[in-house]
Amino acid sequence: MSASQIFPTRSKLPLGNNNKPNDFSIDRVMSESVPLLQHKQTFESLSNSNYLSNTEPTLSDKVSYYLPCVSWLPSYNWQFFFGDLVAGLSLASFQMPLSMSYATAIARVPPICGLIGLIIPPMIYTVFGSVPQMIVGPEAALSLIVGTAIEPYTHEKGVDVVDLVIVITSVSGATLLGFGLARFGFLDNVLSTSLLKGFIGGVGLVMLINSSITELGLSEIYENLDPEARSMYHRAPYQKLRFVYCYFPETHKPTAYLCLASLLVLLLIRTVKSWCISRNMNKAVFVPEILIVLLITTVLSWATDWQSMGIKVLGHVNTKHFKFSLPFCGDIVKYYNPLIGAGFSCAILGFFESTTASKSLGSMYNLPISSNRELVALGSINLVGSMFGALPSFGGYGRSKINALSGAKTTMSGFCMALIILIVTVFFMSYLYYLPICILSVIISTVGFSLLEEIPKDLYFHWRNSGYNELLTFFVTIIATMFYSIEAGIILGVLYSLVRVVRHSGQSRIQILTRSSTLDTFVNADEPQEQRSDSILDNSSACSAHSNVDGCLIIKIPEPLTFINSSDLKARLRRVELYGSPKIHPATPRLRGENLTRFVIFDLNGMTDLDSTAAQILYDIVHNYKERGICIMFARVPAFKKIRTRLETSKVKQLLVEVANDIRNMTGAEIQGTSKDISNLPYFLTVDEALKAVTEINISSGYYDLSSYLSSLPPY
C-alpha cells in the first residue's frame, strides 16, 4: 500500500458538502475533521495484519538477548579463542599490578581485594556482558571512593576492612541491578560529560596528593598521628596536601629518590610509546611499561636489600582474605547505613564510566548498545564479586581499547585474563615479596597525570564556545571534591546537572506568533526583530494571502502540553498581550492596548499529549479569552483519541462551540451547507482556513472591534 493511499494529498481532502475549494464559510470550516479519521479502517487493517504477529521474539531470541553469550558460543572456534587468549595475556601483564596499586595505595585495603576484582567480575561479565571488547575491573576513581569511605574505620579495633569492601560493592551492585530491571538506562543521558571531566579532574588531583604521602615516605607518620592532628589532616584532600607541606622536611630520602626515578622512567616509556604510535607503529601499545618497572624494582630490591634502607616492601600477600561471605546479612549489616552513600556513588560513577566506554566501543565497532542490559550486567558482576571481597568493578575505556587492539573477539578475553591472574595469585604471588610499596603509589601517580591530561583541552573548548554552564559544572564538581570529599563532588555535580535538565525540560518550545509590523506575515514574538525570517508557519505560502489579519495571535504547540509548559504558556501569553513580546520585563508599563488582540488561533499540530493539569490551564486560558470577547479557534487538532476526549471532558470543546455560536449571532445569517449544531467538530483543518475564517468574520460582521461586540453579548 503506497503512502498516497494512506495519506491523501491536499487536493483530495474533503472540503465540504458541496466540494467547493473556494467556499470558506465559518460553519463548514469549523465542521472539518482531520483527514486521518477517514482512514481509521486502513490503520486498523495494518495493525491487525499478519506481519505484526511475526515480530514477537521467540524464547531463544529472548534468552540470547538477556544472556549475550548464548548468541556467540555456538559459533566460537579455536581462532577466536587464540585472539581472546593473546588479549587476556596482554591485559593481565599490566592490569594485575595496577589493581594491586588501586587496592593498597588508594583504597587502603589488602591487595587481594584488587586482584579478586580482576578475577570474579570479568568471569561473570563473560555471561551477561553485551560488549565483546569490554573489560571490567577496579577503577581508580571508585577505589578512591572506597578508600575515603572506609578510612575512618581503619583505626578501629576488630574491624575487617574487607567486610567494608563487601558492603560498598554489594550496595553498588544491588543499585545497578535494580536500575537495570526498572529500565533506568536513560540516566546516562542526564549526566553531562563536563560532570564526568570535573570528577575525573578532582580524582586525578586527589590521587596525586594521596600518592605523594607514600612516595615521600610519610605514610607511617600519617598513620600514627594523634587524634587531634588526625582530625586536621584526615578529612578533605586539601588537608592532606597541607600535611605533605607541613611534614615535607621529614621525607624519607631513599624512598623519595626511588619514586622519582621510577616515575621518570614510566613517563619516559609512555612518551616514547606515544611517539611510536603517532608514527603508525601500533605494536608499541603492547609494551607493558608498568610491568617492566615493577619487575626491575622488585629484582633490585631483592638483590640490594632495599628493605634494610627503610624502603617498605609488599611482603607476603595474605590470600586468606579470599573468602566467601553473603552480603546483606550477618555482622556486616551494621555497616550498611554509614556506607550506603559510598556504594551509591560508586554505582552512579561506575555506570557513567562504563557507559562512556561501551558507547565509544559501540561507535567504533558498530555495536548495538543497550544501557539497560549493561546495568543488569554491571549489577550482577558486583553483587557476585562482593561475596568474595572484590573492589567495585566496572568497564574502563583504556583497557577495553587495548583489549580490542590485542585481537579480542568476544568477552572470553576477559575470562582468559581472569584465569591467568587467578593462577598467578595462587601460585606465583610469593615472587612479589620484595616489591617496594612506593612503586605502587608511583603507578597511581602516572594514572593521576593521565587523568589530568585532557582537562585543559576540554576547558579551552568550552571557554571558546561560551559553554559557561559546562565550566560551572566542572568547577563545582572539582572544588567540592578537593575541599570536602569525593561523594560531595559527585552529589553536587549530579544535582547541578539535574537542575539544568529540569530547567531545560521546563522551557516551553511553544511559539507565540504575532503579525509583523514590517512584514505581511506572522513571526515568532520571542525572536529579536533582526533575526526574524519571512514566516514562521510551515504553510506560510498558503497563508500569505491572509497574513494581513490584524489583532490576531497564533499559538503553535508543537510538543506535548503538560503541567510543566502549560503554566509557562499562560504567563507568556499575558506578556504578549501587554507588551507585544514575552521577553520584556514584567515591571514595564503596558505597551499595547487592551483591544489589540481580537483573535487567537491555537495550532495544535505536533501536540502528542495533553495531561489533566494542562487541560485545566488550557480551559482557563480559553475561558478568559471568551469572557473578554476574544475569538478563539483551534486548528490542526491531532486525531489522538486521548487528546480529543480530554478536550471534550475538560469542556474546552464546549467553549469553542459557544464561541462559534457567538460568531453566528454576530453575522446574523445562516451559513449555507451546515446545521446550527456544530458541536461535533468545532476544529479547523488548517491554520490557513482559520485565517480565512477570521477574514470572513470581519467582512460579514462589519465590526472592526470584534471584541467590543462579543463582550456586549448576554452571558450564558
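## Exercises on a predicted model

Both faces of strand β6 are covered: F599, I601 and D603 are buried on one side, V600 and F602 on the other. The model is predicted. The exercises start from this strand.

### Exercise 1. The setting of β6

Task: decide how enclosed β6 is, and find which strands pair with β6 and in what sense.

Solution.

Step 1. Count the buried residues. β6 spans residues 599-603, and 5 of the 5 are buried, so the strand is largely enclosed by the rest of the structure.

Step 2. Take one neighbour. Strand β5, residues 552-556, pairs with β6 in the parallel sense over 5 bridges. For a specific bridge, K556 has D603 of β6 as its partner. D603 is also among the buried residues of β6.

Step 3. Take the other neighbour. Strand β7, residues 631-635, runs parallel to β6, and 5 bridges join the two. Here F602 has F634 of β7 as its bridge partner.

Step 4. Trace the connections. β5 leads over helix α27 (residues 563-579) to β6 in a right-handed β-α-β unit. Helix α28 (residues 612-627) makes another right-handed β-α-β unit with β6 and β7. β6 thus belongs to both units.

### Exercise 2. An aromatic contact between helices

Task: classify the ring pair Y222 and F243, and state which helices the pair ties together.

Solution.

Step 1. Set the search in context. The whole structure holds 15 aromatic pairs.

Step 2. Read the geometry. Y222 and F243 have ring centres 5.0 Å apart and planes at 70°. Planes over 60 degrees apart count as edge-to-face. That class applies to this pair.

Step 3. Place the rings. Y222 sits in helix α13 (residues 219-223) and F243 in helix α15 (residues 237-246), so the pair ties together parts 21 residues apart in sequence.

Step 4. Check burial; the cut-off is under 20% relative accessible area. Y222 has 8% relative accessibility and counts as buried. F243 is buried too, at 0%.

Step 5. Follow F243 to another ring. The centres of F243 and Y247 lie 4.6 Å apart with planes at 35°, so this pair is tilted.

Step 6. Add a cluster. W72, Y76 and F80 form one aromatic cluster.

### Exercise 3. A buried helix

Task: judge whether helix α10 is enclosed or open, and list its buried residues.

Solution.

Step 1. Count. Helix α10 covers residues 140-150, and 10 of its 11 residues are buried, so the helix is largely enclosed by the rest of the structure.

Step 2. List. The buried residues are A140, A141, L142, S143, L144, I145, V146, G147, A149 and I150.

### Exercise 4. The chain as a whole

Task: summarise the chain by its elements, burial, contacts and surface, then find where confidence drops under 50.

Solution.

Step 1. Elements. The chain has 32 helices and 7 strands.

Step 2. Burial. Of its 716 residues, 51% count as buried.

Step 3. Contacts. Take those between residues at least 6 apart in sequence: 81% join residues at least 24 apart.

Step 4. Surface. The chain exposes about 34,100 Å², of which carbon and sulfur atoms supply 60%.

Step 5. Confidence. The average pLDDT is 77, and 80% of the residues score at least 70. Over residues 530-548 the pLDDT stays under 50; the model gives this stretch 40 contacts beyond four places in sequence. Residues 668-680 are also below 50, with 25 contacts beyond near neighbours in sequence.

Notes: Residues are numbered from 1 along each chain as its sequence is written. This is a predicted model: local features need pLDDT of at least 70, side-chain atom pairs count only at pLDDT 80 or more; totals for chains, interfaces and linings use all residues. Side-chain values use heavy atoms; hydrogens and water are left out. Buried means under 20% relative accessible area, exposed over 50%, partly exposed in between (1.4 Å probe, protein chains only). Helices (H or I, at least four residues) and strands (E, at least two) are DSSP runs, numbered from the N terminus. Two strands pair if DSSP finds at least two bridges between them. A crossover is right-handed if, with the strands pointing away from the viewer, the path from the first strand over the helix to the second runs clockwise. pLDDT is the predictor's confidence in each residue, from 0 to 100. Contact means heavy atoms within 4.5 Å. Rings of Phe, Tyr and Trp (its six-membered ring) pair if their centres lie within 6.5 Å; planes under 30 degrees apart count as stacked, over 60 as edge-to-face and the rest as tilted. Accessible areas come from the Shrake-Rupley method with a 1.4 Å probe; for residues, only the protein chains shown count as cover.
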